[in-house]
Amino acid sequence: MPLDPALTGPNNGSMRRGLVAVLACAAAVAFPAAEAVGSASSNPLAQRLSRALAVPHVSTARSAAVALDLTTGTAVFQRHAGLSLVPASNEKLAVTYTALETLGPDFQVETDVLGQGGLVGTTWRGPLILQGHGDPTLSRADLNTLARQVRAAGIRTVAGAVLGDESYFDSRRTAPGWKPSFYINQSAPLSALTVDRTWFHTYHSLAPAAAAAALFKDALRAQGVLVTGRAVRGTASGDAQELAQVLSPPLAQIVRFMDRESDNFTAELLLKQLGAVSGAVGTTAAGAAQVRTALADAGIPLAGVRIVDGSGLSPLDRLTARALVGILQAGWEDPTIRAPFVSALAVAGRSGTLKDRLRTPPARGVVLAKTGTTSVASALSGFVRQRYVFSVLQNGSPVSYWWARRAQDRFATVLARQ
């Protein structure tokens, strides 16, 4: 797939280097070597934040928290800011930032219908190929649109097969470190070609590309195009010609759904999309490397950071509260991505995974954050009004998710009262 101009647009070059320098300086001011701001501080705000984190069944030694005043760039609270912890779904913040920065908010994923052979009268002699490029939103409605375009091209019969081409990504269906139970239960099978998140009639297909081809064959038939061959997985040849195309919603909409609903499947496909940007086959490892590069370019401290998957399901992932605040601050400071980056976050008491949390003033409607929950990790990171950026990370074996969330909500509420 040719690269969109957004891939090489104004996020790079001198403007980006200038932003990196600003963020690097801000990080140096905000995070001094000695963590002087914390529970022992005489600062009243720091004391209130420290008390907010004091809950039973959550280990202080395995927890971290940072709060930064955006207006001054200084930390108002720090505890174990550089502690390397499992981030749960706060991992998605790193993917969101990198995707918006690298691809651009207007980036769209294309799905193509290619033809091998040629049109003789109204008969296409040769296979049609449904070629995916990792659109997590691809649906049967999109297949109907593609089928109408094929018919509009004058094709009434396909004397050949329908192939589902998922070669833009590798064929690994899960990410490193996932528990077997995560497959299907936490994320649909990963593929560059999935329709309705691999839902095929009454079940999730374990062969997404073949299932997509079968559904496209059905869509062609519904549009009056007869296909004589089978629907199977395959790969387009280099001389295949484009017959039809649909585009995903803009990336800004995709990450808004991903972060607000904490959608694992979308996050993993976006990570592979980042891996494919270089022109290689999209893999989780290649996408993780792109994320690290983007974070380093933004001046975000990577000590204690390990990017393994995109969703945060992997227990091998590691982030620090310092890095998470850095990611949030970098998104806030970049005018080209700030609006979609911030609007992707759930709103306290109103939307997404925060709809049923922080439902009363002063936090309701003014805390915008990304949640994270697994058996061993709980997290909340985001913004309070336009004043504070914060991150709370808690680990345990297991961690008490109820008490962890209580501490997070109290921490955010203290900031909202300021």
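His-57 sits in the loop that runs between α2 and β1 (63-69). In this predicted model, the phi of His-57 is near 65°, a positive value in a residue that is not glycine. Most residues other than glycine have a negative phi, and most peptide bonds are trans.

The backbone also holds cis peptide bonds. One joins Pro-361 and Pro-362, with omega at about 5°. Pro-362 belongs to the loop between β14 (346-347) and β15 (367-373). Another cis bond leads from Ser-397 to Pro-398, and its omega is near 0°. Pro-398 is found in the loop between β17 (388-395) and α12.

The loop of His-57 follows α2, and the loop of Pro-398 leads to α12; these two helices pack against each other. Two packed helices are described by the angle between their axes and the distance between the axes. For α2 (residues 44-53) and α12 (residues 401-417), the axes come within 7 Å and cross at roughly 160°. Angles over 145 degrees count as roughly antiparallel, and α2 and α12 are therefore roughly antiparallel to each other. The crossing of α2 past α12 is right-handed. On the α2 side the contact is made by Leu-45, Arg-48, Leu-49, Arg-51, Ala-52 and Leu-53, and on the α12 side by Ala-407, Arg-410, Phe-411, Val-414 and Leu-415. By class, these residues divide into 8 nonpolar and 3 charged, with no polar residue in the contact of α2 with α12.

A second helix pair is formed by α4 (residues 140-152) and α6 (residues 208-222), whose axes lie 8 Å apart at an angle of about 55°. The two helices are therefore oblique to each other. Here, too, the crossing is right-handed. From α4, the residues Arg-140, Leu-143, Asn-144, Leu-146, Ala-147 and Val-150 meet Ala-212, Leu-215, Phe-216, Ala-219 and Leu-220 of α6. The contact of α4 with α6 comprises 9 nonpolar, 1 polar and 1 charged residues.

Next come α7 and α8. Helix α7 covers residues 251-261 and helix α8 residues 264-276; they pack at an angle of about 135°, and their axes are 8 Å apart. That angle makes α7 oblique to α8, because an angle has to be over 145 degrees to count as roughly antiparallel. The crossing of α7 past α8 is left-handed. Leu-251, Ile-254, Val-255, Phe-257 and Met-258 in α7 are in contact with Thr-266, Ala-267 and Leu-270 in α8. What classes of residue make up the contact of α7 with α8? There are 7 nonpolar residues and 1 polar residue, and no charged residues.

The last topic is the empty space in the model. Rolling a probe the size of a water molecule over the atoms shows where empty space is left. The largest pocket holds about 290 Å³ of space. It is lined by 17 residues, and those closest to its centre are Phe-182, Leu-313, Thr-373, Thr-374 and Ser-375. Strand β15 spans residues 367-373, and Thr-373 is one of the residues closest to the pocket centre. By class, the lining of the largest pocket is made up of 10 polar, 5 nonpolar and 2 charged residues.

Definitions and conventions:
Residues numbered from 1 in each chain as written. Predicted model: local features only at pLDDT ≥ 70, side-chain atom pairs only at ≥ 80, totals over all residues. Heavy atoms only, no water. 1 Å grid on protein atoms, 1.4 Å probe; cavity = no way out; pocket = protein on both sides within 12 Å on 5 of 7 lines; lining within 4 Å. Points joined across faces, edges and corners; volume = space filled by probe spheres on them. Nonpolar A, V, L, I, M, F, W, Y, C, P; charged D, E, K, R; others polar. Axes fitted to C-alpha atoms, helices over the stretch in contact; angles between N-to-C directions. Helix = DSSP H or I, 4+ residues; strand = E, 2+ residues; numbered from the N terminus. Parallel < 35°, antiparallel > 145°, perpendicular 65-115°, else oblique. Left-handed = near helix turned anticlockwise from the far one by under 90°. Contact = heavy atoms within 4.5 Å.
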